[in-house]
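Hi,

Here is the structure I said I'd pass on. Have a look at it first, and my notes follow underneath.

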Amino acid sequence: MKTYDLLKWTMACAMCTFVMTSCSDDDNDGNVNVPNAVETAFNQKYDGVTRVSWESGNGGYLVGGFNKDGRDYDAWFTNTGEWVMTEVDHARDTRSLPQAVIDGYGASKYAQDGWRIDDIDEIQRPGYETIYKIEVEKAGQPDYDLYFDAYGTLFREVADNDDDRNEGLIHNNRPDGLQAFIDAEYPGAKVLDFEREDFGYEMDIRHEGKSKEVLFDADMNWMATVTDSSRDIPANIISAVRNEYPRFEIDDCDYVETAKGEKFYLIELDDVDVNLMVTLDGAVTVTPDF
């Protein structure tokens, strides 16, 4: 064999070795050690995924990144193989979302008036329903994170806290006492999220086709339940508001029940900094934020 041909053959073999090495199943960023328990749990959950890039996440978690159906996934596991969260990156593509979520965002004030979508994440966690976080921005305004359930209800809107990887949602375990209350008072409810608040706790649930915020004090005593009613406001409530504020439209409506036995609708008007409390008999009073 001529020397030139030998060199070409040697280079071809080297390239083949490089390609075979580059196409191995796992690409560990920074030589991350992935325990067998994690690999087994990942393969059981995502059967057929052959190209995974592992990295270390905050809190000691291991994050397996991969592409599926044209979307980037990050699957989070403990080092013992417990799956805790998967984040699916939808970029800015609203078309890939469930139609109900598209409609829910389209009906929100953020779909107009200069707001634009910066990023969309689909968040899957054990023990919780799938939720969708849409990050929006507008010149001169703080960025906001909008959380929608799969039915298109905007159940939370908060100023963006730069938690781009949604690590704050991992292992968001709720106390047994709160879950027992939900099981007893709202049988069959699906839990969307749980948060510790300054006043105590908040559980976001989906019950009987409606999004509800269930509020508890620090001792886990029920304080109130706030039910999203923007899509089914009673006619007498609409009439009562229009009699008092005929030039404004209702932007948001929640039905509130409290531990004190109070029942009323909390109304937010469009383009005016006023919140209204409307009792079931139609009495309207101005009230601060609930």
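β10 and β11 (residues 200–207) pair in the antiparallel sense, with six bridges between them. One residue pair to click on there: phenylalanine 194 has methionine 203 in β11 as its bridge partner. Bear in mind throughout that this is a predicted model.

Zooming out, that pair belongs to an open sheet of eight strands, in the order β10-β11-β12-β13-β14-β15-β16-β17, and the pairing is antiparallel. At the edges sit β10 (190–196) and β17 (284–287), each of which pairs on one side only. On average, neighbouring strands of the sheet are turned by 25 degrees against each other, ignoring direction. As a reminder, strands of a sheet pair through backbone hydrogen bonds, whether parallel or antiparallel.

Now the helices. α4 (residues 176–185) lies across β10, β11, β12 (210–217) and β13 (222–228), and runs at about 135 degrees to β12. Helix α5 (residues 235–244) also packs on the sheet, where it touches β14 (250–258), β15, β16 (275–279) and β17. The direction of α5 makes about 130 degrees with that of β16.

Then there's a pocket you may want to look at. The second largest pocket has a volume of about 450 Å³ and is lined by 20 residues. Which of them lie nearest its centre? Those are Lys109, Asp113, Asp251, Asp270 and Asp271. By class, the lining has nine charged, seven nonpolar and four polar residues. β15 (263–269) from the sheet supplies at least two of the lining residues, and so does β8 (141–149).

Cheers

Notes
Residues are numbered from 1 along each chain as its sequence is written. This is a predicted model: local features need pLDDT of at least 70, side-chain atom pairs count only at pLDDT 80 or more; totals for chains, interfaces and linings use all residues. Side-chain values use heavy atoms; hydrogens and water are left out. On a 1 Å grid over the protein atoms alone, a cavity is a set of points where a 1.4 Å probe fits but cannot get out, and a pocket is an open set with protein on both sides within 12 Å along at least five of seven lines; lining residues have an atom within 4 Å of a point. Grid points are joined across faces, edges and corners, and a volume is the space filled by probe spheres set on the points. Helices (H or I, at least four residues) and strands (E, at least two) are DSSP runs, numbered from the N terminus. Ala, Val, Leu, Ile, Met, Phe, Trp, Tyr, Cys and Pro count as nonpolar, Asp, Glu, Lys and Arg as charged, and the others, Gly among them, as polar. Two strands pair if DSSP finds at least two bridges between them. Axes are lines fitted to C-alpha atoms, for helices over the stretch in contact, and angles run from 0 to 180 degrees between N-to-C directions. Contact means heavy atoms within 4.5 Å.
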